[in-house]
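Visitor: I am new to this structure and would like to understand how the words used for it are justified. Could you take me through the reasoning step by step?

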Amino acid sequence: MEFQDVVRRRRMVRSYAEDPVDPAVVDRMLHNATRAPSAGFSQGWGFLRLDNPRDVRRYWAATAGEEALADPDEWLAGMVRAPVLIVPCSHKAAYLERYAERDKGWTDRDESRWPVPFWHLDTAMAALLILQTAVDAGLGACFFGIPPARLQPFREEFGVPEDHTPVGAITVGHRSADPGAAGSPARRRRRPLDEVVHRGRW
Ligand SMILES: Cc1cc2nc3c(=O)[nH]c(=O)nc-3n(C[C@H](O)[C@H](O)[C@H](O)COP(=O)(O)O)c2cc1C
């Protein structure tokens, strides 16, 4: 698929068919994720891969709860059918350590040196590569947030270490025929370029 087509076709998919996903495609998504740029080549990320029905069910039980699963809304009903979930996590300590090395020299590990949290930024770039790889493979994917109140149960269920922060989660699968829950683009327009691009001066 042409790159422009990947960019144009990438939309968040919130309703999946139950057909399995070729594990080789998931391998490729994760491989491509690690091709993302990272500050100082810190690569302070980790990816939890959930690719069997039991683990996917455990994810939803921990983050949505059994009650919601028993009576899911349209969003949840479409999302739980995705056969694969990937949870990209950022690892701040890897950045503080990397930038304390001799070539960077931030030995005080002072977080105020960072203009924005590059650990989240880099992990988000990796997440976009996962989304784009899904599109390239003819699959659908959706990046979505994990509710803060559910983070601890999620961590405990899957043994995610405290120094890794899940930045969100990604469902991956084949699109179902029904469109599923409408996303915000159904209610909002894409902002035109002349509104968001400031050429030469803001
Ligand atoms: C950081 C981030 C968090 C998001 N969280 C959710 C979410 O919790 N649930 C959801 O359905 N979509 C979520 N989305 C998807 C956005 O709603 C979607 O990207 C946006 O409406 C534009 O639509 P498109 O990606 O299909 O072009 C999230 C996207 C991003 C980048």
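**Reading the terms**

Guide: Let us begin with Phe143, which counts as partly exposed because its relative accessibility is 28%, and partly exposed lies between the cut-offs of 20% and 50%. Please keep in mind that this is a predicted model.

Visitor: Where does Phe143 lie, and what is it in contact with?

Guide: Phe143 lies in strand β3, which covers residues 140–144. Leaving aside neighbours within four places in sequence, Phe143 is in contact with Met12, Ala127, Leu131, Val167, Gly168, Ala169 and Ile170.

Visitor: Why is His91 called buried?

Guide: His91 has a relative accessibility of 18%, and buried means under 20%, so His91 counts as buried. His91 is placed in the loop between β2 (84–90) and α6 (92–98), and, not counting residues up to four places away in sequence, His91 touches Gly44, Trp45, Trp119, Asp163 and His164.

Visitor: How do you know that the span of helix α7 agrees with what is expected?

Guide: Helix α7 has 19 residues, 118–136, and at 1.5 Å a residue these should span 27 Å; the end C-alpha atoms of α7 are 27 Å apart, which agrees. The buried residues of α7 include Trp119, Ala126, Ala127, Ile130 and Leu131, and α7 is followed by Gly138, whose phi is positive, near 80 degrees.

Visitor: What makes the meeting of α2 and α7 a contact, and which residues take part?

Guide: Contact requires heavy atoms within 4.5 Å, and by that standard Arg28, Met29, Leu30, Asn32 and Ala33 in α2 meet Ala126, Leu129, Ile130, Thr133 and Ala134 in α7. The residues of this contact divide into seven nonpolar, two polar and one charged. The axes of α2 (residues 23–33) and α7 come within 8 Å and cross at roughly 145 degrees, in a right-handed crossing.

Visitor: How do you know how many disulfides there are?

Guide: A disulfide is a covalent bond between the sulfur atoms of two cysteines. The cut-off for counting one is a pair of sulfur atoms within 2.5 Å, and by this rule the count comes to zero. Cys89 is in no disulfide, for the nearest cysteine sulfur, that of Cys142, is 17 Å away; seen from Cys142, the closest cysteine sulfur is in Cys89, too far for a bond.

Visitor: Are Cys89 and Cys142 buried or exposed?

Guide: Cys89 has a relative accessibility of 4%, so Cys89 counts as buried, and Cys142, at 2%, counts as buried too.

Definitions and conventions: Residues numbered from 1 in each chain as written. Predicted model: local features only at pLDDT ≥ 70, side-chain atom pairs only at ≥ 80, totals over all residues. Heavy atoms only, no water. Helix = DSSP H or I, 4+ residues; strand = E, 2+ residues; numbered from the N terminus. Buried < 20%, exposed > 50% of the residue type's maximum accessible area, 1.4 Å probe, protein only. Expected span 1.5 Å × (residues − 1). Axes fitted to C-alpha atoms, helices over the stretch in contact; angles between N-to-C directions. Left-handed = near helix turned anticlockwise from the far one by under 90°. Nonpolar A, V, L, I, M, F, W, Y, C, P; charged D, E, K, R; others polar.
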